Amino acid sequence: RKYVMEELIETEKEYVEKLEYAIKHYYSKMSDPNIPAFLVGKKDVLFANMHELLEFHKKTFCSNLVACGDNAQAMGSCFVDYEEKLQLMYVAYCRNKPRSDAVLQDPSKSFFDDIQSSLKDRSNISGYLMKPVWRITKYQPLLKDLVKYTKRAGQDASALETAYEE
């Protein structure tokens with residue numbers, strides 16, 4: 001159980017770092033006055049609400065998960081408390097993803113490939129834009145494991161079960 005909780009917290013921190021990196025190195029390039037004409041006005045389509053996701057996870061969700069320490073019930077409550085906010089933000093992001101993917105065709109892809117190359121970054125823009133989709137799908141299996149191991153330890157798992165079911 002402790003391992004699953006640590007994994008949840010560590011992967012949450014890594015997720016925040018990846019979003020920060022994407023915002024700093026890719027999103028910020030969209031405000032450059034020399035941006036190619038085909039990308040002008042496409043920042044919000046391409047990145048959707050990634051900035052909002054970053055702010056929420058960095059300033060609220062990650063710190064609250066860390067504050068739970070080794071209290072699995074508190075961690076479950078954290079998910080329950082923010083369930084509506086998470087749902088609204090991630091539904092908006094995922095609904096926009098096809099539009100984002102459409103923008104990210106050539107020649108836009110070449111523009112971002114050049115940025116990636118200049119940064120010597122192993123990940124590309126498509127990978128960064130998939131991070132929120134991948135992250136939201138990771139919570140369910142982690143919560144499922146937390147429920148299982150908390151019950152095995154003979155402890156109350158009601159908040160975790162609620163979080164897992166929602």
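Let's start in the loop between helix 2 and helix 3, where you'll find Ala48. Its backbone is a little unusual: phi of Ala48 is near 50°, a positive value in a residue other than glycine. Please keep in mind as we go that this is a predicted model.

Ala48 has company. Lys120 also carries a positive phi without being a glycine, with a value near 55°. You can find Lys120 in the loop between helix 6 and helix 7. Is Lys120 buried or exposed? The relative accessibility of Lys120 is 73%, and the cut-off for exposed is over 50%, so Lys120 counts as exposed.

While we're on loops, have a look between helix 5 and helix 6, where Pro107 sits. The peptide bond joining Asp106 and Pro107 is cis, with omega at about 5°.

One more loop residue, and then we'll step back. Lys42 lies in the loop between helix 1 and helix 2. With a relative accessible area of 33%, Lys42 falls between the 20% and 50% cut-offs, so Lys42 is described as partly exposed. Which residues does Lys42 touch, once we leave out those up to four places away in sequence? They are Met30 and Val103. Lys42 can also be placed relative to Asn96: the two are 54 residues apart in sequence, and their C-alpha atoms are 12 Å apart in space.

Now for the whole chain. There are eight helices and zero strands, so to speak an α-α-α-α-α-α-α-α run from the N terminus on. The C-alpha atoms fill a box of roughly 60 × 30 × 25 Å along the principal axes. Of the 166 residues, 40% are buried. Take the contacts between residues at least 6 apart in sequence: 76% of them join residues at least 24 apart.

On the outside, the accessible surface comes to about 9,100 Å², and carbon and sulfur atoms account for 50% of that. For those of you thinking about charge, the chain has 24 positive and 25 negative side chains. The centres of those two sets lie 4 Å apart.

Let's go inside. The largest nonpolar core has 49 residues, and the ones touching the most other members are Phe47, Met75, Phe79 and Phe112. Which helices supply this core? Helices 1 through 8 each supply at least two of its residues, including helix 2 (43-47), helix 4 (72-81) and helix 6 (108-119).

Met75 is a nice one to click on. Leaving aside residues up to four places away in sequence, Met75 touches Met5, Leu8, Ile9, Leu65, Cys68, Gly69 and Leu146.

Some of those names come up again in helix 1, my last stop. Helix 1 has 24 residues and reaches 34 Å from its first C-alpha to its last, close to the 34 Å expected at 1.5 Å a residue. Among its buried residues are Val4, Met5, Leu8, Ile9, Glu12, Tyr15, Val16 and Leu19. Ala22, Ile23 and His25 of helix 1 are buried as well. As you scan that numbering, here is a handy reminder: an α-helix has 3.6 residues a turn, so residues three or four places apart point the same way.

And what do the buried residues of helix 1 pack against? Their partners are helix 2, helix 3, helix 4, helix 5, helix 6 and helix 7. That's my tour, thanks for listening!

Definitions and conventions: Residues numbered from 1 in each chain as written. Predicted model: local features only at pLDDT ≥ 70, side-chain atom pairs only at ≥ 80, totals over all residues. Heavy atoms only, no water. Helix = DSSP H or I, 4+ residues; strand = E, 2+ residues; numbered from the N terminus. Buried < 20%, exposed > 50% of the residue type's maximum accessible area, 1.4 Å probe, protein only. Contact = heavy atoms within 4.5 Å. Areas by Shrake-Rupley, 256 points an atom, 1.4 Å probe, with all protein chains shown as cover. Lys, Arg positive; Asp, Glu negative; His and termini not counted. Charge placed at Lys NZ, Arg CZ, Asp CG, Glu CD. Core = buried A, V, L, I, M, F, W, Y, C linked by side-chain atoms within 4.5 Å. Expected span 1.5 Å × (residues − 1).
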